[in-house]
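The following exercises concern the predicted model shown below. Each task is followed by a solution in steps.

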Amino acid sequence: MRNLYRKPTNLHCNAGSRCSISAVLWSVLGCLFLLHLYSNIDHKDGKVEEVQLRSSLHPQFRELQQAELLNIQIPSPKGKRSPRAAKRRPKRTTTLVDEFMDENSPLRHVFFPGNKSVVDPMKAAGNDSYYYYPGRVWLDTDGNPIQAHGGGILYDEKSRTYYWYGEYKDGPTYHAHKKGTARVDIIGVGCYSSKDLWTWKHEGIVLGAEEKNETHDLYKSDVLERPKVIYNDNTGKYVMWMHIDDANYTKAAVGVAISDTPYGPFNYLGSQRPHGYDSRDMTVFKDDDGVAYLIYSSENNSELHIGPLTEDYLNVTSVMRRVLIGQRREAPALFKHQGTYYMITSGCTGWAPNEALAHAAESIFGPWEAMGNPCVGGNKLFRLTTFFAQSTFVLPLPRFPGSFILMADRWNPADLRDSRYVWLPLIVAGPLDQPLQHSFEFSLWSKVSIYWHRKWRLPQGWSRFK
Ligand code: GAL
């Protein structure tokens, strides 16, 4: 009886332990599942959502990484050419860059579509809304073409709003001297605000030109380019840095302005040659630890200089490193991903487009290694001309680590106010295809790719808030 009694007990016991093992297993699995769900669900506690989605797995990101191809035929050179364009390149055969620079080119509509008609497909109704059309005319919420060239974007945590600042160039293009570059008088820094990075409200000119005082840095016939704004957490001020120059680009300085609000007005504080060196194309970068850096082309554009700003962001310190020495790069746009610093730069060919390079570094002070041309898709010439545009800023997409927007300018030297914006997805992912030229070990860097799209949109759920 005992045995008979025991057996079922044992049986019961065995079944029980199996049951409890499977119960434990199921609870562990359940917990893991819940944890997984939790990490992917938006936490709406009124704060910025911390959730980060894996961009590589997101179907809409795969869509962004499918490079679109282009087929543009160069027309026979019998088309009308402007005398100025003919003079510029008298002997060479016509290239697409010549066509791009020629205001009478029959290919004008390829580079500057919808020219003058100001029909903005970015704002088309229905399914086409929220698409970016790189190179088209982009309108603000009042229906006016956006004037924020050579610009950059600040995300304002306080108002949960994006602010886009850039050169307001809505004036006539002219040449100050016979050999001078095409220019527009300073009007000021245009500012636009947006919650969705697509609908842009004009906030006005937040730093205006000086009309009367010829000795003022911002006197209208001088140069104000590439304004960038960063927020100082200690002082609570918005600080703007910009390239300040005279019409011949010999002053080669940086200027600083300050405001209590992201929408200005900014109070101009003055200019300097940083660290005593000439400074032309520039940007500022605020690191995760709150230290901000000024990065500028120097020594006649032959190298870049990088130096930290003072705590209040209003000045440079005495620390400066020379990087990309002898490489003649400009239009720097810096960003960071998983502790590595990246930078996109252009070559130095004025308003004419040229080939972009991506660079990477473990420390912001370098050494910076060139990783080659990041452009993917379009066609070869599109890739060799950065899609006929020049870098100005790289904006991280908050919830998709490794995903950014490259902001670039498609300059229109015949009519600078009609320069266009080329924003494209920039993705840092996977190892480099090729070992680096100067690296004897395996590459440390992830590949940076900028994908050409005739039209594209941000993936669903990109936003910090719903
Ligand atoms: C480019 C520069 C622009 C502007 C232009 C003038 O090289 O990136 O910001 O200065 O030259 O020609």
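**Exercise 1.** Determine in which sense S15 and strand S16 pair, and over how many bridges.

*Solution.* Step 1: S16 covers residues 340-346, and S15 pairs with it in the antiparallel sense over six bridges. Step 2: One position in this ladder can be located by residue, since Ala333 has Ile344 in S16 as its bridge partner. Step 3: The wider setting is an open sheet of four strands with antiparallel pairing, in the order S15-S16-S17-S18. Step 4: S15 and strand S18 (369-370) stand at the edges with a single partner strand each, so one side of each is left without a neighbour in the sheet.

**Exercise 2.** Identify the residues that surround the ligand and the strands that give two or more of them.

*Solution.* Step 1: The surrounding residues are Gly150, Thr181, Glu225, Arg226, Asp281, Glu330, Ala331, Cys348, Gly350, Trp351 and Gln390. Step 2: Two or more shell residues come from each of strand S7 (223-232) and strand S15 (330-337). Step 3: Sorted by class, the shell holds four charged, four polar and three nonpolar residues.

**Exercise 3.** Establish whether S7 is largely enclosed or not, and describe how S7 is joined to S8.

*Solution.* Step 1: A residue counts as buried if 20 or more other C-beta atoms lie within 10 Å of its own. Step 2: Eight of the 10 residues of S7 are buried, and the strand is therefore largely enclosed by the rest of the structure. Step 3: S7 and strand S8 (residues 237-245) run antiparallel and are joined by eight bridges. Step 4: Glu225, one of the residues around the ligand, stands opposite His243 in S8. Step 5: The two strands form a hairpin with four residues between them, and Gly236 in the turn has a positive phi of about 70°.

**Exercise 4.** Characterise the largest nonpolar core and the surroundings of Leu294.

*Solution.* Step 1: In soluble globular proteins, nonpolar side chains tend to be buried together. Step 2: The largest nonpolar core here has 102 residues, and Met240, Leu294 and Leu406 have the most contacts inside it. Step 3: Strand S22 (residues 420-431) gives the most to this core, namely seven residues. Step 4: Leaving aside residues up to four places away in sequence, Leu294 touches Trp241, Val254, Pro274, Met282, Val284, Gly307, Leu309 and Val316.

**Exercise 5.** State how many helices and strands the protein has, and what share of its residues is buried.

*Solution.* Step 1: The protein has six helices and 23 strands. Step 2: Of its 466 residues, 38% are buried.

Conventions. Residues are numbered from 1 along each chain as its sequence is written. This is a predicted model: local features need pLDDT of at least 70, side-chain atom pairs count only at pLDDT 80 or more; totals for chains, interfaces and linings use all residues. A nonpolar core is a set of buried Ala, Val, Leu, Ile, Met, Phe, Trp, Tyr and Cys residues joined through C-beta atoms within 7 Å. A residue is buried if 20 or more other C-beta atoms lie within 10 Å of its own, exposed if 12 or fewer, and partly exposed in between; C-beta atoms are placed from the backbone. Two residues are in contact if their C-beta atoms, placed from the backbone, lie within 7 Å. A residue is near a molecule or strand if its C-beta atom, placed from the backbone, lies within 6 Å of it. Ala, Val, Leu, Ile, Met, Phe, Trp, Tyr, Cys and Pro count as nonpolar, Asp, Glu, Lys and Arg as charged, and the others, Gly among them, as polar. Two strands pair if DSSP finds at least two bridges between them.
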